[in-house]
Amino acid sequence: MRGILTLSLCLLSLVLQAQSTLKGQVVDADDQSPLIAATVKLVQGEQVHAALSDEKGNFSIPDLQPGMYFLQISSVAYSPYRKRVQMKDETVDLGKIALKVESIVTDEVNVKAKQVRVEVKGDTTQFNADAYKVNVDATAEDLVKKMPGIQIEGGQVKAQGESVKKVLIDGKEFFGDDPSMALKNLPAEIISKIEVFDRKSDQSQFSGFDDGNTDKTINIVTRSGKSNGEFGKVYAGYGTDDRYSAGANMNYFNGDSRLSLIGMSNNINQQNFATDDLLGALGSSGGGGRRGRGGRGGFGGGGANPSDFLVNGQGGINKTHAIGVNYIDKWFDKVSFSGSYFFNESNNQTLDSLERTTFIDEGTNQYYTENGNQFSRNLNHRLSGRITYDINKTNSIIFSPNVSFQTFHSSNLFAGETLDDFGDLVNTISSDQLSNMKGFRFGGDLLFRHRFEKRGRTFSVGVGKNDNVSNSEGELHSENVYFGSDQSNQIINQVSGDSTRSAAYTARIDYTEPLSEHSQLRFSYQGRFNDNNATKRTYDFNPDTGEYQSVNNTLSNSFLNQYDTHTEGLSYRYFKGRDFMFIFNLNFQQAILKSEQTFPITGDFRRSFNNVLPFAMIRYAFSKTKNIRLFYRSSTNAPSISQLQNVVNNSNPLQLKAGNPDLTQETSHNLSLRFNSTNPEKATSLYAYVTGGLTNNNISNAIYTAKKDTLFRGVLLAKGSQLTLPVNYGKAWQMSSFLTYGFPLALIKSNLNFNLGMNYSTSPSLSNDQENVSKNLGINSGLVIGSNISQYFDFTLSYNGAYNIINYSLNPTMNSNYYTQTVNGTIKWTSKSGFFIQTEGVNILYKGLGEGFDRNFTLLNGSIGKKFLKKQQAELKITSFDLLNQNTSLARNATNSYVEDSRSLVLNRYFLLTFTYNIKNFRGK
C-alpha cells in the first residue's frame, strides 16, 4: 500500500505540455443548448482526426501539427457546419458553434423539419421538451412523466426500467442524490431537452473505458434565456382536520452561478426525502423504528423501512419540516463547485396490522397476526459537495466530500399471537419498546487525472475515506405467554446500548495506453479496506434494587470485522467511430475476511478468497437511430457486520434473530442486453432491456420453528417461537425484462407510451433444515396517454397491471396467484382569464390476496381556483383529497420463508385552501 501511494505521488508531480489542440462547444442555434455526441471531423489531406462532443457539447482534438485543416461538424436533424481552420503552435478555441435545425426548401416556402420528439445519440436518449405540452405551472416531474420509459412511483424515479440515481442541470449535479427533489422543484418552462443516459464514473469518463460503475442519470438542458433570472413560488394552505401545507421554492440562475432554496412544512404526507436521509434505514443492530417486513425493529435490531418515509400517500400519517439549499458555480474559469445542504424532520404515526403464514416443514404452517401502533421522529442534516479544479490543459482534481448527522426516536406498542394448523393458540405477545439513536457520517473522495502528450495515454489516481458512527439506547418491556401441555409466562424488562463504528478506505489507480488509432489498453488497481466494530450491552431489570444492573451475557456482544480486497485489472478497448466499441476487463481479486469476538467469549476466524472477475461490453450502432449494447459483469459481496455479529436480537421474543459469524462472501454474474431505436420522422421510440443474474453461495435465511422448548445461545426458544439466521445456501437466480414503445396519436393530439415487463426469480432457504425454494414470476404491463394539445388543456391517462405467480417447493399449499391494477386519470383545464379546474382519479384493485385483503377502491382528488394579479402570478385554490373517503393501504410481501399481508393507517378525506404566488423574472441570455 505504501509503495502504491509513493508511486501515485511521484506520478502526480508530472505536468507535461500538450501539443496544439482544437476545441470548442457545439450548441443548438435556437436555444443555445449543448448538443451531445455531435461528430467533429478535422481533415488534412488523407489524415482525419475525429471526436464526439460531450454532455456539455464540448469537444477537443489534441496532437495537431501546424497547418490548414477542413472542419466538419454534424448532428442528427441539424444542418452540417463546415469551416477552414488554421492551426498554429497553440490551442485554438472556436468557442460556441451553433448548428441550425435542418430545413427542407420548396419553390417559395421554407418548411422547418418536423419536430423531433426523441433521438438516440450514442449512449444518450434525448427528448425534446417542446414535443410534450404541459400546463403553464407544470414542474419537471409533470413533463418527464409524459416521456417514453420514464416512470415515477412512490417518490422513486425510474428510466428505462432502472432507478434514476442523479439529476443534472446542464451537466452539473442538482440536489445531490435525490432525483425526486430535483424534478419537483424545477418548472417545466425552463427545460429545452431531457437526456437519459448511464453516467460513467469520473475515471471512465476521462479514459474512455467503461468499468461497469454507472448510474442511470437524467440531464436537464435549460432553454436559452431561461437560465438567467429568478423563478420559483411561495405557498400556504390550511384545511379541515387541521391539515396544513406551506413552503417556498426559490431559484436564482445567473450563467454558471445557480442558487436554489426550498422549504416546506406540512402534515399531509409530502416528504421528498432521499433514502439515505434515514438513520433507521441503515439497519444498525441497535435497531429503532419500524421493522423491515420481517420482524419488529426498535429494541435490539431491525431498522426502519425506507418506504415509510418516502413520498407515499398511503403509508401512515406524517408531519414534515424540511429546508434545502443547492449551489452551483464556476470560479476563476478553473474551479467548478456544486453543493447541497438538507435539514429534514419527520414525525410519523403508524397503526398497522399484518397476517403472516410461515412454513415449518412439508404440509405444516404457523399463522401469526399482529396489531401495532408506532410513533417516530427522525431528524437529519446532510451536506454534500463536488469541487473540480482544472489545473491546466492536462491535469485536473475532483474532490467530493459528504457529511451527515442523524437522530431517530421511536415508541412502539404491538400485540401478536401465533396459531397452529388446527387453530389452537401457540403463543401471544404484548410489547412496549422505546428507541433512541444517533448517527454521524463523514467522508470524501479525491481524484487526480492527467492526460499525457500522446493521445489516449492517461493516468488517474483516487483515494477515499468514509467513517460511520451510530449509537443507540433502547428499552423493551414484553409479556409473552406460551401455550401447550404446561402454560408458561415470560416477562422481559431490559435496556440496551448499541454502538457501531466503521471506517472504509479506498485507493484506485488507472493507466491507459493507446495501441493503435482504434484500440487502447488499461491497467488498474483498486484497494478497499473496511474496518467495523460493533458492541451491544443488554441489562436485565433487578427488582431487588430497582435498577438495570445485571449484564445479560447471552444478549450482549463485542465484535470486530475487517474485509480487505485488492483488485488488479487488465482491460482492452477497441472502437471504430461511434458505430462500434468493445471492452473486455479481466480483474484478479484477493479478499481477506477477518472477524473477532471479544465478549462475552473470545474467538476469531480468517478466510481468504481469490476470484477472477471478468467484465465485457459491446456497443454496436446499426444506424444513427438504432443501437444495441451487451454487458457482462461479475462481482463479489461480503456479509455485513450485522449479519456476522454473533448476538441474539429479541426485539420480538416470538421471532428471534441472530447473526452468523461463519458467513462467507457471495459471487454474482450478470448479463444484460439493451436496445434503442428511434424514428425522428415518425416520432416513435422503442427501448428494450433484458437482464439475468446468478448468485453463488447465496446469503439466505434459515428459519427454525421450535417444536419444543429449546435453548439457543443461552436464550429460550419456546415452543412455537422462531429463530432466523443468515446462512450461505445454494444459488439464487433472477431475470427481468422491460420494453417501452412510444408514438404520437395525431387524432387526439397526444402521445402514447406502452410498456411491458417480466420478472422471475428463484431463491433457496432452509426451514427446520429442509430446503424451500421459492419461485416468483411477475408479469406487468402499462400504458400512458399524455395530451399534447395546448398549455391550457392537459390530460394524462395511465394503466399499470401486474400478475404475480408464487410457488414454494416445501409447501405447495401456500402457492398463490394474485393481480394488482392501478388506473389513473388526470385532467387540468385553465382558461386564459385564469380560472382552472383539476381532477385526478385513481382506481386500485387487489385480487387474489385472500379474504379480508382483496380490495377495489377509488381515490378522487380535485381542485378549483383562480389566477390573478399581474401576469396571473398569484393563485387561490381549494383542494379536496380522497373525496369518496375510500383510501386504503394494502401490501403483500412474499419471501422464501413466509407470506405476509399488511394494512396500515392512511390519510383520508380533507379539504385545503391554498394561496400560491409564482415568481418569474427571466433576463434573457
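A residue counts as buried when its relative accessible area is under 20%, and because Lys216 has a relative accessibility of 4%, Lys216 falls into that class. The model described here is predicted, and it holds 19 salt bridges. The points below take up several of these pairs, with attention to where the partners sit in the chain and whether they are buried.

**Lys216 and Asp198**
- Lys216 forms a salt bridge with Asp198, in which the closest N and O atoms are 3.1 Å apart.
- This pair links distant parts of the chain, since Lys216 belongs to strand S18 (residues 214-222) and Asp198 to strand S17 (residues 191-200), with their positions 18 residues apart in sequence.
- Asp198, like its partner, counts as buried, because its relative accessibility is 9% and the cut-off is under 20%.

**Arg258 and Asp170**
- The side chains of Arg258 and Asp170 meet in a salt bridge with an N to O distance of 2.6 Å.
- Arg258 lies in strand S21 (residues 257-266), whereas Asp170 lies in the loop between strand S15 (166-169) and strand S16 (172-173), so the pair ties together parts that are 88 residues apart in sequence.
- Arg258 and Asp170 are both buried.

**Asp510 and Arg508**
- A salt bridge joins the side chains of Asp510 and Arg508, at 2.7 Å from N to O.
- Both of these residues, Asp510 and Arg508, are buried.

**A shared network**
- Asp137, Glu189, Lys867, Glu875 and Lys920 are joined into one network by salt bridges that share partners.

Terms used:
Residues numbered from 1 in each chain as written. Predicted model: local features only at pLDDT ≥ 70, side-chain atom pairs only at ≥ 80, totals over all residues. Heavy atoms only, no water. Salt bridge = Lys/Arg side-chain N within 4 Å of Asp/Glu carboxyl O. Helix = DSSP H or I, 4+ residues; strand = E, 2+ residues; numbered from the N terminus. Buried < 20%, exposed > 50% of the residue type's maximum accessible area, 1.4 Å probe, protein only.
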